[in-house]
Amino acid sequence: MATVNNHHHQDSNPNTNAAVPVTSAKQTVTVAKTVDTQSVLKRLQSELMALMMSGEAGISAFPEEDNIFNWKGTISGIKDTVFEGTEYKLSLSFPCDYPFKAPKVKFETSCFHPNVDVHGNICLDILQDKWSSAYDVRTILLSIQSLLGEPNISSPLNTQAASLWTNQEEYRKMVEKIYKPSG
């Protein structure tokens with residue numbers, strides 16, 4: 001409903017008498033947004049605590065200095081995969097309507113992988129069309145960690161990595177060549 005009123009608000013026709021409803025709708029939206037921001041903050045704070053308490057091996061994430069909407073995450077390659085012994089830095093950026101929209105997650109460390117492009121973008125269904133508000137930072141990191149060893153080569157972002165995947169020995173050499181730990 002607010003979207004419809006907001007649309008009328010953008011109408012530059014001075015004869016439109018929609019000013020009064022638009023103002024009240026806008027005030028309602030503003031109040032709702034304030035409440036949403038508080039609930040998002042609470043959700044992110046509880047996810048941070050849950051993640052720290054879980055002691056999950058090979059994954060971690062923390063908010064950047066003073067902004068709880070931007071996190072830095074770390075995942076380690078799983079044992080007995082070509083990514084064993086690697087550690088990747090990720091950036092997680094949470095929208096103001098999280099958890100109803102997925103965060104934007106990118107690799108900050110170069111990652112040679114069929115589902116990761118050269119800019120660090122990740123092709124993972126739960127970060128796009130299969131997102132659910134039931135997911136949290138922990139499940140995102142575990143899913144990405146799992147994706148490292150089990151790529152979806154049927155829809156690759158990196159076709160070179162996808163075609164090399166069947167030759168694990170050569171693939172491991174490329175991972176080592178491209179992987180440069182940061183910090």
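In what order do the four strands of the open sheet lie, and is their pairing parallel or antiparallel?

**View 1. The open sheet in the predicted model.** The four strands follow the order 1-2-3-4 with antiparallel pairing, where two strands pair if DSSP finds at least two bridges between them, and helices (H or I, at least four residues) and strands (E, at least two) are DSSP runs numbered from the N terminus. Strand 1 (59-64) and strand 4 are the edge strands, each pairing on one side only, and the twist from one strand to the next averages 25°. Axes are lines fitted to C-alpha atoms, for helices over the stretch in contact, with angles from 0 to 180 degrees between N-to-C directions.

**View 2. Strand 3 beside strand 4.** Strand 3 (residues 87-93) runs antiparallel to strand 4, and four bridges join them; Leu 92 stands opposite Val 105 in strand 4.

**View 3. The buried side of helix 5.** In helix 5 (residues 168-178), the buried residues (under 20% relative accessible area, 1.4 Å probe, protein chains only) are Tyr 171, Met 174 and Val 175. They lie on the same side of helix 5 because they cover an arc of only 105° around the axis, taken from the directions from the helix axis to the C-beta atoms. On the other side, Glu 169 and Lys 177 are exposed, that is, over 50%.

**Notes.** Residues are numbered from 1 along each chain as its sequence is written, and side-chain values use heavy atoms, leaving out hydrogens and water. Because this is a predicted model, local features need pLDDT (the predictor's confidence in each residue, from 0 to 100) of at least 70, and side-chain atom pairs count only at pLDDT 80 or more, whereas totals for chains, interfaces and linings use all residues.
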